[in-house]
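User: Hi! I'm new to reading protein models, so could you walk me through this one?
Analyst: Happy to, let's look at it together.
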Amino acid sequence: APADAAQLRQIIRESHRNGAPLPLRLQIQRGQDRLSVDLTPVMKEVQGKQLPRIEAGLGGPVATVDVRYGFLEGLQLALDKTWGMARLSLEMLGKMIVGQVSVKNLSGPLAIADLAGQSARLGWVYYIGALALVSVSLGVLNLLPLPVLDGGHLMYYLFEGVTGRPVSERWLERLQRGGVAIMLVMMSLALYNDLARFVGAH
């Protein structure tokens with residue numbers, strides 16, 4: 001028998017053979033009664049992999065503790081947290097490019113609105129945290145070296161600083177068109193993923 005919810009999740013994740021889910025029999029203690037439940041997980045895509053899921057929450061509510069920090073300590077922790085979120089965004093983007101993570105993880109405005117709504121229902125602290133996560137992710141995206149973004153303009157300035165001359169108008173126009181095309185593809189894919197999640201296709 002599993003010792004905790006983490007071990008039960010591991011058992012469920014391993015309950016498949018050749019891509020097909022295997023039936024499970026669970027013993028549930030409810031008060032003085034012990035119930036036996038037979039169920040078969042369904043295969044769901046999780047971070048680019050097909051894994052068995054039982055579509056049920058495991059474990060009780062997470063206990064929370066209020067912690068207060070001084071100004072300097074809080075500032076240092078905020079900087080560390082922001083850097084960690086930015087690095088995670090870059091790592092996920094890099095893994096999508098090389099195919100290690102499915103592009104289905106790319107989210108758009110509908111997912112952002114859904115996240116904001118869910119976090120608002122949990123309280124203003126969670127809502128502010130969700131806004132911070134979105135802001136950092138958008139900031140990282142804006143600094144990518146794409147011509148239509150601020151990161152692309154920084155690349156122009158770097159080129160001019162190294163060569164002593166600006167990017168030619170001909171190349172500037174080509175780069176702008178390429179940047180717009182890349183952004184349109186990313187925005188379309190993100191919106192498609194959002195719609196697919198809401199209709200249950202993902």
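User: At what angle do helix α2 and helix α4 pack?
Analyst: Helix α2 (residues 71–98) and helix α4 (residues 124–142) pack at about 55°, and their axes are 9 Å apart. Axes are lines fitted to C-alpha atoms, for helices over the stretch in contact, and angles run from 0 to 180 degrees between N-to-C directions. Helices (H or I, at least four residues) and strands (E, at least two) are DSSP runs, numbered from the N terminus.

User: And what do you call that arrangement of α2 and α4?
Analyst: At that angle, α2 and α4 are therefore oblique to each other. Under 35 degrees counts as roughly parallel, over 145 as roughly antiparallel, 65 to 115 as roughly perpendicular, and the rest as oblique.

User: Which residues make the contact?
Analyst: From α2 come Thr82, Met85, Ala86, Ser89 and Leu90, and from α4 come Ala132, Leu133, Val136, Ser137 and Val140. Contact means heavy atoms within 4.5 Å. By class, that is 7 nonpolar, 3 polar and no charged residues. Ala, Val, Leu, Ile, Met, Phe, Trp, Tyr, Cys and Pro count as nonpolar, Asp, Glu, Lys and Arg as charged, and the others, Gly among them, as polar.

User: Before we go on, what kind of model is this?
Analyst: It is a predicted model: local features need pLDDT of at least 70, side-chain atom pairs count only at pLDDT 80 or more, and totals for chains, interfaces and linings use all residues. Residues are numbered from 1 along each chain as its sequence is written, and side-chain values use heavy atoms, with hydrogens and water left out.

User: What's the average pLDDT, then?
Analyst: The protein averages 82, and 91% of the residues score at least 70. pLDDT is the predictor's confidence in each residue, from 0 to 100. Among the elements, helix α1 (residues 5–13) has the lowest mean, 75, and helix α5 (residues 150–163) the highest, 90.

User: Back to packing: how do α3 and α4 cross?
Analyst: Their axes come within 7 Å and cross at roughly 155°, so α3 and α4 are roughly antiparallel to each other. The α3 side has Ile112, Leu115, Ala116, Ser119, Ala120 and Leu122, which meet Tyr126, Tyr127, Ala130 and Val134 in α4. This contact has 9 nonpolar, 1 polar and no charged residues.

User: New topic: how many salt bridges are there?
Analyst: The count comes to 2, where a salt bridge is a side-chain nitrogen of Lys or Arg within 4 Å of a carboxyl oxygen of Asp or Glu. One of them joins Asp38 and Arg25, whose closest N and O atoms are 2.7 Å apart. Asp38 sits in strand β4 (residues 33–39) and Arg25 in strand β3 (residues 24–30), 13 residues apart.

User: What does Leu26 touch?
Analyst: Leu26 is in strand β3 too. Leaving out residues up to four places away in sequence, Leu26 touches Leu8, Leu35, Ser36, Val37 and Leu39.
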